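Colleague: Could you take me through one part of this model closely, and then show me how that part sits among its surroundings?

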Amino acid sequence: MRKIINVEDKYQEITFRYLYNQDIGYDKVMFFFHGFNGNRYAIDIEWIERISEKGYLLVILDAENHGDRISDEYKKLDNSNRQKLIIETEINTANDAKKVYFHLLEKDIINNDMSLAVMGVSMGGAIALYLTTIFKKIQILVSLIGSPSFVEFYKYKQKVYKFENNQEYKKRLDKYAKIDPLLNYHLFSGRKILLTGGSRDKIVPMIYAEELSKKIDATFIVYDLEHEVSKKMMEDVYKFI
C-alpha cells in the first residue's frame with residue numbers, strides 16, 4: 001500500500017492537517033470539511049487514500065469550535081444552542097479555510113497553478129458551498145448532504161430545535177439573507193459542481209440542494225438514504241473528481 005504522508009499544522013488559531021500520497025505526490029488541492037460535532041480526523045482512511053491517488057493534497061480543518069478549537073464556553077452549550085450557532089460556524093470556517101489556503105501558498109506547500117477543489121459532508125457541505133461563493137479560485141465543488149440555504153435552513157433549525165424566535169434570531173436572518181449561497185446562486189457560475197441528498201433525510205432535507213440544482217449548472221444525485229453517506233455516494237464522488 002502506498003504511504004500517506006500526514007502533516008499536522010496550525011495557523012493563528014486554526015488547527016488543520018494536510019495529507020498526500022508519497023509515491024504519487026500532488027499537483028492539485030482539495031479542502032475537506034467535516035460535519036457538525038466532527039473534527040479534522042472525521043474522514044475514512046479509504047477516502048483519504050482514494051482522493052490522494054487522484055493527485056490531491058488533502059487539507060482538513062477543525063471547524064470553528066470543533067476538535068482542538070472548541071472553547072470552554074461552547075463546551076457548556078446544549079445541542080439546541082449549538083445548532084443556533086451553526087450558520088456562524090459555517091461562515092467563520094469558510095473564512096478560516098481561505099486563511100489556511102494563503103498560508104500554504106506562503107509556505108510553498110502549494111502554488112497558484114494548482115487547481116482547487118472543495119468537498120464537505122453535512123455542515124461541511126454547507127461550508128464548502130459558502131466558500132465557493134466567496135473564493136473564485138475554487139474550480140470543483142462537492143457537497144454531500146449539505147444545505148446551500150442559510151435563511152430557510154436556519155428557519156427549519158429554529159422549528160426543529162425550538163430556539164427562541166427573538167430579536168437575535170431575526171437579526172441573524174437579516175445577516176444571512178445578504179450572503180445566502182442559495183439566494184446568491186449566480187456566484188456558483190463556472191464551477192464543476194456535484195450536489196447530493198438523501199430522500200429520507202430529516203436533518204438536512206434535500207430540498208435546498210434540489211432547489212439550487214434547478215438554478216445552476218450542477219449534477220444533483222438523490223439517494224434512498226437518511227442523513228448519511230453511502231458507499232455508492234462516495235463511488236460517484238470518486239468518478240466526479
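Modeller: A residue counts as buried here when its relative accessible area is under 20%, and I apply that cut-off to a predicted model. In helix 8, which spans residues 207–215, the residues Tyr-208, Ala-209, Leu-212 and Ser-213 are buried. Viewed down the axis of helix 8, these buried residues fall within an arc of 140 degrees, so they line one face of the helix. The buried residues of helix 8 pack against two helices, helix 5 (123–134) and helix 6 (151–161), and against two strands, strand 7 (192–198) and strand 8 (219–223).

Both of those strands belong to an open sheet of 8 strands, which are arranged in the order 1-2-4-3-5-6-7-8 with mixed pairing. Strand 8 stands at one edge and strand 1 (4–11) at the other, each with a single partner strand, so one side of each is left without a neighbour in the sheet. On average, and with direction ignored, neighbouring strands of this sheet are turned by 15 degrees against each other. Strand 7 pairs with strand 6 (residues 138–144) in the parallel sense over 5 bridges, and within strand 7 it is Ile-193 that serves as the bridge partner of Leu-141.

Helix 5, one of the elements against which the buried residues of helix 8 pack, itself packs on the sheet, where helix 5 touches strand 3, strand 5, strand 6 and strand 7. The direction of helix 5 makes about 145 degrees with that of strand 5.

Technical notes: Residues are numbered from 1 along each chain as its sequence is written. This is a predicted model: local features need pLDDT of at least 70, side-chain atom pairs count only at pLDDT 80 or more; totals for chains, interfaces and linings use all residues. Side-chain values use heavy atoms; hydrogens and water are left out. Buried means under 20% relative accessible area, exposed over 50%, partly exposed in between (1.4 Å probe, protein chains only). Helices (H or I, at least four residues) and strands (E, at least two) are DSSP runs, numbered from the N terminus. The arc is that of the directions from the helix axis to the C-beta atoms. Contact means heavy atoms within 4.5 Å. Two strands pair if DSSP finds at least two bridges between them. Axes are lines fitted to C-alpha atoms, for helices over the stretch in contact, and angles run from 0 to 180 degrees between N-to-C directions.
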